[in-house]
Amino acid sequence: MEPAEDVSGTSPLHLVANQPAARLHSQLDFGLHSRRSKHKDREVVRLSAADAKPRGIVSGDIVRIFNERGSCLAAAKVSNDVRAGVLHLPTGAWYDPVNAQDEQPMCAHGNPNVLTRDAGTSRLAQGCAGQLCCVEIEKFTGVPPSMRAHDPPKRTTG
């Protein structure tokens, strides 16, 4: 089958958002095992040195991954285990929008759902087809927003 998206000048990298090693989907994302797999409380995106170097990205940097649908922040890990032109960002980080009212939301925690297509696998199954898409990545400048996904809701009196 032809790919649903092709790389372009604005989205030159393939994002693979496979199942995470430290949890089942998003279950127990708040748990210690899952949190130890993160860096600076954010999901880790792996990328090749060939993609990191021209963008000025080194391991440990907070990066913004984006396309026309949205963006998310993650912690970079430069790896020889990832093919050039491909980013690897596991699914399952709890959604933590910086501003939930934005038309193109940015997730502070690293949830790739803001980047992927919202399309089912077929008219019959409607399974998830959202684990592959095209994106760009850049070093995040400035102070990253705090990560609040695991904070309990504020109680209101009244």
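**Cysteines**

I looked up Cys107 first. Cys107 is buried, at a relative accessible area of 0%. The model is predicted, and I keep that in mind for every entry here.

Next I asked how many disulfides a search of the whole structure finds. The search returns zero. I then checked Cys107 by itself. The nearest cysteine sulfur belongs to Cys72 and sits 6.3 Å away. A disulfide needs the two sulfur atoms within 2.5 Å, so the pair does not qualify.

I repeated the check for Cys133. Its nearest cysteine sulfur is that of Cys134, at 6.8 Å. Cys133 is in no disulfide either. I noted its accessibility too: 4%, so Cys133 counts as buried.

**Salt bridges**

I turned to charged pairs. The structure holds 10 salt bridges. I followed up three of them, beginning with Glu5 and Arg69.

Glu5 pairs with Arg69, and their closest N and O atoms are 2.5 Å apart. Where do the two partners lie in the chain? Glu5 is in the segment before β1 (13-16). Arg69 is in the loop between β3 (62-66) and β4 (71-78). They are 64 residues apart, so I logged this as a link between distant parts of the chain.

I also asked whether Glu5 is buried or exposed. Its relative accessibility is 16%, and Glu5 counts as buried because the cut-off is under 20%. Arg69 has a relative accessible area of 23%, so I entered Arg69 as partly exposed.

**A salt-bridge network**

Arg23 and Asp29 form a salt bridge, with 3.4 Å between the closest N and O atoms. Both residues are buried. Lys38 and Glu43 form another, and there the closest N and O atoms are 3.4 Å apart.

I looked up the burial of the Lys38 pair. Lys38 has a relative accessible area of 10% and is buried. Glu43 is at 3% and counts as buried.

Which residues does the network of salt bridges link? I wrote down Arg23, Asp29, Lys38 and Glu43.

**His88**

My last entry is on His88. I placed His88 in strand β5, which covers residues 86-88. Its relative accessible area is 17%, so His88 is buried.

What does the His88 side chain make a polar contact with? The partner is the side chain of Asn18, at 2.4 Å. I then listed the contacts of His88, leaving aside neighbours within four places in sequence. Asn18 appears again, along with Val16, Val44, Val45 and Arg46.

Definitions and conventions
Residues numbered from 1 in each chain as written. Predicted model: local features only at pLDDT ≥ 70, side-chain atom pairs only at ≥ 80, totals over all residues. Heavy atoms only, no water. Helix = DSSP H or I, 4+ residues; strand = E, 2+ residues; numbered from the N terminus. Buried < 20%, exposed > 50% of the residue type's maximum accessible area, 1.4 Å probe, protein only. Polar contact = N/O pair within 3.5 Å; in protein donor to acceptor, adjacent residues only side chain to side chain. Contact = heavy atoms within 4.5 Å. Salt bridge = Lys/Arg side-chain N within 4 Å of Asp/Glu carboxyl O.
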